[in-house]
Amino acid sequence: MSTHAHDHDRWADSLGAWLLGALPEDEAEGFRAHLDSCRVCQDDAASLQVAADALPMSAEPRTPPPALKDRIMATVESEASLLQAAGPEADRRPRRSWFGGLSLRPALALGLAALAIGAVGGVLGREALDQGTRTVTAQVEGGGRASLVVEDGRARLVARDLPAPPSGRIYQVWLDRGGKTPEPTDALFSTRSDGSASVDVPSLEGVRRVMVTDEPNGGSRTPTGKLLLTATA
Amino acid sequence: MDSLPAEQSHVIELAYFGGFTHTEIADILGAPVGTVKGRMRLGLEKLRNHLRVLELPST
């Protein structure tokens with residue numbers, strides 16, 4: 001088997017993950033290096049890019065609250081000020097990708113925009129599916145990502161790049177059933193060293209929102225800490 | 001996305017909208033990484049084929 005064929009066999013099954021931005025950075029670098037020299041993968045990538053580009057449109061449209069426009073415009077104006085301060089160098093176009101200028105970044109940007117609209121709109125992410133399985137993307141305050149994976153009546157909160165809870169405190173899951181205060185759960189968790197975390201969430205029956213706050217070790221009966229994330233159940 | 005089997009749309013949503021890597025998704029679902037990557041590719045292929053059908057001129 002030639003070196004190229006061996007290289008192709010190694011990377012061919014990573015194409016989908018690469019197009020979805022799901023390869024860890026070191027693997028993504030390796031895949032891009034392979035892609036530069038593999039015509040088969042280039043053709044496959046060009047063929048499947050249209051599907052990845054269509055993903056933002058698969059999110060259900062939501063009516064954003066008026067505050068969203070203010071937040072977006074504040075960000076735009078802030079970035080415009082930064083670009084102006086950076087001078088003409090900031091206007092230089094980024095290096096184009098290898099296939100006809102199609103780039104993964106616009107797709108991801110659109111996806112993130114759709115996610116942001118969904119998040120601020122209240123229903124976070126896109127509910128998936130039949131067969132009792134769905135995924136809800138949470139709105140995370142202050143960085144990181146989290147999703148609520150609901151499967152066969154069980155729910156699990158999974159997250160990455162979360163800040164560690166403050167010293168002497170732990171993250172606690174709360175269930176909002178529309179009452180005056182959210183109900184406490186015994187779902188307590190901290191982050192791993194890489195910022196990831198996962199915790200099983202009690203039954204979501206009748207639950208409107210799942211929330212997480214930082215609380216003293218052992219948890220609280222009512223929320224006392226800062227809100228970390230919210231997911232609409 | 002509604003046209004996809006649940007296991008394929010699930011991994012695509014976790015990757016694209018959730019921002020999780022294939023290894024993280026494998027952990028979440030308790031599935032081998034190879035299976036997750038395969039579902040991603042199959043899902044994208046089905047989406048592409050679905051889009052092609054939508055683009056066909058009506059007769």
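**Helix packing and the A–B interface**

User: How are H1(B) and H3(B) oriented where they pack, given their angle and the distance between their axes?
Analyst: H1(B) and H3(B), helices being DSSP runs (H or I) of at least four residues numbered from the N terminus, pack with their axes 8 Å apart and at an angle of about 100°. Axes here are lines fitted to C-alpha atoms over the stretch in contact, and angles run from 0 to 180 degrees between N-to-C directions. Since 65 to 115 degrees is the range for the term, H1(B) is in its relation to H3(B) roughly perpendicular.

User: What should be kept in mind about the numbering and the origin of this model?
Analyst: Residues are numbered from 1 along each chain as its sequence is written, while chains are lettered from A and ligands numbered from 1 in the order in which they are written. The model is predicted, with local features needing pLDDT of at least 70, side-chain atom pairs counting only at pLDDT 80 or more, and totals for chains, interfaces and linings using all residues, and side-chain values use heavy atoms, leaving out hydrogens and water.

User: How do the residues in the contact of H1(B) with H3(B) divide by type?
Analyst: Contact means heavy atoms within 4.5 Å, and on the H1(B) side it includes B:Val11 and B:Ile12, which meet a set in H3(B) that includes B:Met40 and B:Leu47. Ala, Val, Leu, Ile, Met, Phe, Trp, Tyr, Cys and Pro count as nonpolar, Asp, Glu, Lys and Arg as charged, and the others, Gly among them, as polar. On that basis the contact residues comprise three charged, two polar and, as the remaining class, eight nonpolar.

User: At what angle do H2(B) and H3(B) pack?
Analyst: H2(B) and H3(B) are roughly perpendicular to each other, and the residues making their contact include B:Ile25 and B:Leu29 of H2(B) as well as B:Val33 and B:Val36 of H3(B). These contact residues divide into six nonpolar, two polar and two charged. The axes of H2(B) and H3(B) lie 9 Å apart, and the packing angle is about 110°.

User: Which residue of chain B forms a salt bridge with A:Arg160?
Analyst: A salt bridge is a side-chain nitrogen of Lys or Arg within 4 Å of a carboxyl oxygen of Asp or Glu, and across the interface of chain B and chain A the rule finds three. For A:Arg160 the closest N and O atoms are 3.5 Å apart, and the partner is B:Glu24.

User: How much area is buried between chain B and chain A?
Analyst: The contact takes 44 residues from chain A and 27 residues from chain B. Buried area is the accessible area (1.4 Å probe) that two parts lose on being put together, summed over both. Carbon and sulfur atoms give 64% of the area buried between these chains, which is about 3100 Å².

User: Which residue meets A:Asp43 in a salt bridge?
Analyst: The structure holds 11 salt bridges over all chains. A:Asp43 and its partner both lie in helix H4 of chain A, four residues apart, about one turn of the helix. With an N to O distance of 3.2 Å, the side chain that A:Asp43 meets is that of A:Arg39.

Methods: Helices (H or I, at least four residues) and strands (E, at least two) are DSSP runs, numbered from the N terminus. Angles under 35 degrees count as roughly parallel, over 145 as roughly antiparallel, 65 to 115 as roughly perpendicular and the rest as oblique.
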